[in-house]
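User: I am new to this structure and would like a close look at one part of it. Please begin with a single site and then describe the smaller surroundings you can account for.

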Amino acid sequence: MATDNNAKAYWSATLGLLTKVLVIWFLVSYGAGILFADALNSFHLGGYPLGFWFAQQGSIYVFIVLIFWYASQMGKIDRKFGMQED
Amino acid sequence: MELQTTIYIFVGLSFALYLGIAFWARAGSTSEFYVAGGGVHPIANGMATAADWMSAASFISMAGLIANLGYGGAVFLMGWTGGYVLLAMLLAPYLRKFGKFTVPEFIGDRFYSKTARNVGVLCLLVASLTYIIGQMTGVGVTFARFLGVTSDQGIYIGMAIVFMYAVFGGMKGITYTQVAQYCVLIAAYLVPAFFISLNLTGNFLPQLGLGSNMAGTDVSLLSKLDQVVTELGFSEYTTTANGSLLNMFFYTVSLMIGTAGLPHVIVRFFTVPKVADARASAGWALVFIALLYTTAPAVGAMAKMNLHGTMNSAVGLTTGPAGQLRVNPDVLKANGDLYATEASLVYEERPDWMKRWEKTGLLKWEDKNADGRIQYYNDKSKNEVAKGKADAAGWKGNELTVNADIIVLANPEIAKLPNWVIALVAAGGLAAALSTAAGLLLAISSAISHDLIKGAINPGISEKGELMAGKISMAVAIFVAGYLGLNPPGFAAGTVALAFGIAASTIFPALMMGIFSKTVSDKGAIAGMLSGLFVTLFYVFAHKGLFFVKGTDFVDMVGGVNGFFGISPEAFGTVGAIINFAVAFLVSKMGAPVPRHIQELVESVRVPKGAGGATGH
């Protein structure tokens, strides 16, 4: 049973991380890039209206950071629960 | 040296490189043929994925699309990159752990059903075949433009080249060839963008240039562009959405989950050694893709600026000593009258690149008010001020039509860059088209040889026999793709919508439910995939005609073009996916529960421990 519990805890840690990543993913793309883009456009980042920047540049940079962050956090979760590859 | 000679040299050298690599990395076993032996470094795999993913359309058409759509172009930028986040987290590591060769194989095993596997093969073939038609026509057009052959001859040459390196090299050859192709295509995309950004803004990085002031002024490029296009009656560049906000939302979702569900992309993640590598590799793929995708908005906006500046001297661009476009700060700051008679370009004084592109028919001028000058504005504008000014100036309609595809291909000519840059762009466009075609062909051939022949027709086939079957089906697939490229069913524009819609509404939900749910059963998955497929096909055909035959559209049945909340057919994959999920859960609830050993399979897929190399059995 111990291994079963361990597997369960591993999976819920994984899902917890997934939720965090997906929330950020949603906020920068659909949130800042689409739903609130108009409101954000009244702010500027250099010569970029902010909503436009998120839609055409910013969300992509955040996506990259998100994947690498996710990969490194997953590596930690793997090791914590002894689930890493040999 | 002559431009044409330089192009021959660049294209010839790049092809020699690809074929050399294919020979060096030729496949000897099914494992090497399908998953490159499973030993590809995550960074190399990232580059190969990026080349695989960025098609002729990304390379040639996307910047033009963004230039036309402005802010609304974000659906492509976010949709085609955000999918990698989903891929990295929801699919790639788990499918890598599952450790088989193909996507239908996972669907068949997880849903313990040959029918589910065959439905998976069907969806994969429809998605990949529709996608490849566009690639082959792209190969034909690019060869025709740069090598001076006909478009048909271009397709034959393309078929021969893909045949040589894809059939002999398999996944191993394709992967390393694509690494080389990525380098060629990204260099070809960035070099002209650097020059143009430097000319317009003084900042050579296009990503920063797009957010900078025009050189020598304190007016930002985007605000200047907004001002010029709205004055000429076009919609504002930085705010105009692509349809309604709801449509933009659905469109982006559809492209994201479609990207994550496209089989030729997923298969890439079977080629890395470890589960952890599959996660990081998606990140590397996105880094390499983002190099092009964050440059494209700058290329689009700057090309639009250059075009307006060339046609209308009141914009404030002028020709520098070497012939390249430069900012004229005083004119630009003065915000002169765009409707002044002398502002419009005199046709006889047009630059050489316009003469060259007029020959291709992609750029046209028609002197509607017979004044010998080019008036370029939006004559269908709802902007009364712009309309009034145009009427007062005696303009009788827009006189210039520009095909959006010109923007990337003509960019170096517009900016008067050296011949080697133009030759590089030619080689890059071909690399983009060929690499994607090769990746798609491999996905198709493995579905046929591995999933149909070995999986359903002749399970006892030897490895040697399967390898031969793989090569033969690849060869057949090349001929089918070439035939479809030569005789495109007349719907090139609709095909991409269909490919993404099907991947989004069938493959992505099936894979997700297979990994994240232990309760979705065989019947649930089959019913879900079929209903997602049907609903998406129904809606796309409603708008574009039954099997894209003109005149057979039945758009009134779905409430007209603006029916169903104004969602465009390209965005409808999202609705198909929602229906797929809902049907699958409902049907699973009603039927028998998932067997114990399948639940254990799902549990083992979820943990990286014990992942071996990818195998066929």
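Analyst: The site to begin with is Ser449(B), which sits in helix 19 of chain B, a helix made of residues 419-457. The model is a predicted one. Ser449(B) has a relative accessibility of 0%, and because the cut-off for a buried residue is under 20%, Ser449(B) counts as buried. Setting aside the neighbours within four places in sequence, the residues in contact with Ser449(B) are Tyr34(B), Lys454(B), Glu466(B), Ala469(B), Gly470(B) and Ser473(B).

Another buried residue of chain B is Phe101(B), with a relative accessible area of 4%. Phe101(B) is placed in a loop, with helix 5 (74-98) on one side and helix 6 (103-110) on the other. In sequence, Phe101(B) is 349 residues away from His450(B), yet in space their C-alpha atoms are 8.2 Å apart.

Chain A can be described as a whole. Its secondary structure consists of three helices and two strands. Read from the N terminus, the order of these elements is α-α-β-β-α, so the two strands follow one another in the order given.

The overall form of chain A can be put in numbers. The radius of gyration of chain A is 18 Å, whereas a compact globule of 86 residues would have one near 12 Å. Along the principal axes, the C-alpha atoms of chain A fill a box of roughly 55 × 20 × 15 Å. Of the 86 residues in chain A, 50% are buried. Among the contacts in chain A with a separation of 6 or more, 60% are between residues 24 or more positions apart.

The surface and charges of chain A come next. About 4200 Å² of chain A is accessible surface, and carbon and sulfur atoms hold 69% of that surface. Chain A has 5 positive and 5 negative charges, and the mean positions of the two sets are 10 Å apart.

Finally, there is an annotation for chain A. An unreviewed UniProt entry gives residues 7-83 of chain A the label "domain: Sodium symporter small subunit". In the model, residues 7-83 of chain A are 83% helix and 5% strand, and the end C-alpha atoms of this span lie 9 Å apart.

Conventions: Residues are numbered from 1 along each chain as its sequence is written. Chains are lettered from A and ligands numbered from 1 in the order in which they are written. This is a predicted model: local features need pLDDT of at least 70, side-chain atom pairs count only at pLDDT 80 or more; totals for chains, interfaces and linings use all residues. Side-chain values use heavy atoms; hydrogens and water are left out. Helices (H or I, at least four residues) and strands (E, at least two) are DSSP runs, numbered from the N terminus. The radius of gyration is taken over C-alpha atoms; the globule rule is 2.2 Å times the number of residues to the power 0.38. Buried means under 20% relative accessible area, exposed over 50%, partly exposed in between (1.4 Å probe, protein chains only). Contact means heavy atoms within 4.5 Å. Accessible areas come from the Shrake-Rupley method with a 1.4 Å probe; for residues, only the protein chains shown count as cover. Lys and Arg count as positive and Asp and Glu as negative; His and the chain ends are not counted. The place of a charge is taken as NZ of Lys, CZ of Arg, CG of Asp or CD of Glu. UniProt positions are given in the numbering used here, feature names are shortened, and annotations may be inferred rather than shown by experiment.
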